[in-house]
Structure formats: C-alpha cells, structure tokens
Amino acid sequence: MRFLSHRIAFAARRRAAAARSQRTLASSRRAAAMASFKVMEVLNKANLLEASGASIMHMEVGQPSSPAPPSARRAAEAELAVDAAMGYTSANGLPELKNRIARWYADRHGSAVDPERVVVTTGSSAGFVLSFMALWDAGDKVGVPSTAYPCYRNVLRSLGCEAVPLAGDAGDPRSGFEFPTPAQVEAAAAGDGIAGLILSSPSNPTGAALSAAELSALAATCDGAGVRFISDEIYHHIAYGAEPSPSAVDLPGAVVVNSFSKFFSMTGWRVGWLVLPAGDAELAGAVARLQQNLFINAPTVSQIAATAAFDDVDDALDGHVRRYAANRNVVLGALERMGVDAAHVAPAAGAFYVYADLGAYGVADSVDLCNRLLDDEGVAITPGVDFEFEEAIGKRRVRISYCGATPDVEEAMARLARWWAAGKYKQ
C-alpha cells in the first residue's frame, strides 16, 4: 500500500513538472488572447515584396508620406548636436510641451486647458493603455462602436476587460458606418452594465465625424449614466466639411487622447498626449503612477520636436489636409467608376480612409482579396476583419488609406480599377 502511494505521488509530481515545463514554453493567456493587428501583417508582406524589387503602392497604413514638420526636425537636430546627455523628463512631460498643447486648444478650440491636465505619452497607444488601466478593472465592460480601431478591443481584452459592440447589424451593408447614439449608450449602460465608452471622431476606419452637438450629447449621456468616456481625437483637424473637429476637452468627465502621428505627420516619433478631466485628482494621480512605472516618460527628443511642430501648422500641416482632400476625391471617384455604389461606402468626412462594404459585389473573404491584390498588382489595402467585431462583416469590407502622395494614390487606384474590371476580385 505504501509502495502504491509512493507511485501515485511520483506520478503526480511528474505530471506537475511536465505542466510547469509546458507552461514556461507557452505564452501567457493574456498574450494568447491578443488578436493580431492585421494592417501590420499586410504592411510586413508589402515591405518584403518591396525589398525583393516589386513596385508596391502603400494604401494599407495610416502613415502620412510627408515628413515631420520642418521646425520639429530642426529642433531635434539642434538638440542632438549638443554634446550632453539627454536625460529623463518629468513623467507627465516637458512643461514647455504641455504649455504648448494647452495653447493649441485655446487657439483652435477656444478652450482654456490647464497644462497640468495634459499628460505627454509615448504615442496615443500608451495613452490608451494608461487611460484604460486607470479607469477600468478586469471584468469591466466597455462600449466600443461595432466598427472601430481594433486595438481598442485588443488592448481591453489583454487587460481583462470586455469590449461590448454598439450599433452593429450584420445584415446592414452600412452597419457601423455611423456612431452609437446616446439612446444606445444608455441601453448598454442599463442592460450590459458598461463602465466606459471609447470612440474616435473622425473615425478610423470609416471617416465618420461627430458634430459638436452629437459629441456633447454622448459625453453628457455617459456622465449621467456613470460611464467613463474616452474621446480619441487622433485624426482631429483632418476633416473635409465646413465645421472643424470638435473636441471633448470641455465636456464633463471626458478623457481626451491625441497624438502627433497623423495631423502632425510624426508617426515614428512616438509622442502623443492625454487631457484629463478638470478637477479629477484621483484619476490624475492614477495616470501619473502608471506612467512612472510603465513608461517613465515619452522620448525626450520627440517631446522637444513636438513642441516646435506647432510652429508649422499654418504653413505646412494645413496644406497636408488639402492634399488628403484631393486624394479622397481620387479614391471615391475610382470606386464610383468601378461601379461601387456610394451607399456601400462609409462617410469619409474626416481622417484619411475610405471604408467600403463589397459584399454586394461578391466579396466574401477580404483577407484573400487583399492578399491577391497585393500579389497581382502590388497594391496594399487592409481587410475589414481588422475593424469589425463580427468577422462575417469584416470579410465583406476593405479600408483604403489615402495619406500618401497624390500621384501614388492615383496610380494605386488605377491598378485596383484595372484588377477589378478583370473580375479578379471574385472568389
């Protein structure tokens, strides 16, 4: 009996050791749950083809082809020329950059923002991580538009939160092209028990944009329902209507996320910012502690360059938006000539994307379509599965980025139209 018990114990130890060994070789459950960011996979394949000599038209990533503003580059060059150590900044950012961001809100929005509400981050990506972790606990539910930037739900999931889709309908070819309404947010707060809402306006991928009244109504609904609201404003000032992009900096309880990546053409510099709600010392303290431990501070040279970038808004950056507007017309015009009905194309009122539902034209696997288009014509676009909660919807859709040079956009759309006319998109 004693021998048998020893054998049982020995077998149990072997199983435990094997389990530990297997556990050390596998990724964490958190990492395993993280979905890939499909646009980066498309970019990687496109870059490999380009390195092999292929002519590639990059319409997949939201990366402006224009360099950082001249003043930003000059400021970085001057700083790097100094023979001295480039040290840490305060965790929440250089005071001069925080002051310059606050002045930006006064100049462009007429908003009085205390610079102490500003937290400089390592791109908007770090801003999402900091705000998500500061606002919500594992197990919390957060409302996200059914068609949205995929990293919202991917990062939320990695933190143990549940992303709840709002305003989606698998049977509607325009599902998710517009924003959730206050009534839908109220219903999700009462029914699903959402603790938060995040959305971007102008939107990635749809280009839809909220009016000031619509943004205010959503923020007021969230504030009244105890739902913490994050306004992603990374595509602000890239808009094509008469009205400027409204900001949530003055709205009660709203957290604003922004970045130098898009309007300022500084994607690789990895610098962004948060504007925290006025008077919320508890949230400000939480974000500061998280920043200190997770990121220390945003890159110092990037902060110096970003401070100077504001000097070029009128001369250079607003000119980029005029180019995006011309590129937008090229893309929309090509789709119209291809026979894609405007009813199947998202509003494209801002940002620099056109998002189209091609299900009515026989497209049922957008990943395969994008792969074949890249192989056949060297045109890289992004499958909609990146942006949708419902994979079936995403398989009907594609996103076309038009932030490059206008001749490149024209060439890319000519190749796409030729490929489409040959019926090669059919599966």
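Which residue of S12 stands opposite Tyr 353? In this predicted model, that residue is Ser 401, and the views below begin with the sheet to which S12 belongs.

**View 1. An open sheet of three strands with antiparallel pairing.** The strands follow the order S9-S12-S11, and the edge positions are taken by strand S9, residues 353-357, and by strand S11, residues 382-383, each of which pairs on one side only. Strands of a sheet pair through backbone hydrogen bonds, in either a parallel or an antiparallel arrangement.

**View 2. The pairing of S9 with strand S12.** Strand S12 spans residues 397-401 and runs antiparallel to S9, with five bridges joining the two; Tyr 353 and Ser 401 in S12 stand opposite each other.

**View 3. The surroundings of Asp 357 in strand S9.** Asp 357 has a relative accessibility of 2% and therefore counts as buried, the cut-off for that class being under 20%. Its side chain makes a polar contact of 2.9 Å with the side chain of Arg 397. When residues up to four places away in sequence are not counted, Asp 357 touches Pro 173, Phe 177, His 344, Arg 396 and Arg 397.

**View 4. The annotated region, residues 56-416.** An unreviewed UniProt entry assigns these residues the annotation "domain: Aminotransferase class I/classII large". Over residues 56-416 the chain is 41% helix and 14% strand, while the C-alpha atoms at the ends of this stretch lie 12 Å apart.

Conventions: Residues are numbered from 1 along each chain as its sequence is written. This is a predicted model: local features need pLDDT of at least 70, side-chain atom pairs count only at pLDDT 80 or more; totals for chains, interfaces and linings use all residues. Side-chain values use heavy atoms; hydrogens and water are left out. Two strands pair if DSSP finds at least two bridges between them. Helices (H or I, at least four residues) and strands (E, at least two) are DSSP runs, numbered from the N terminus. Buried means under 20% relative accessible area, exposed over 50%, partly exposed in between (1.4 Å probe, protein chains only). A polar contact is a pair of N or O atoms within 3.5 Å; within protein, one must be able to donate a hydrogen and the other to accept it, and residues adjacent in sequence count only if both atoms are side-chain atoms. Contact means heavy atoms within 4.5 Å. UniProt positions are given in the numbering used here, feature names are shortened, and annotations may be inferred rather than shown by experiment.
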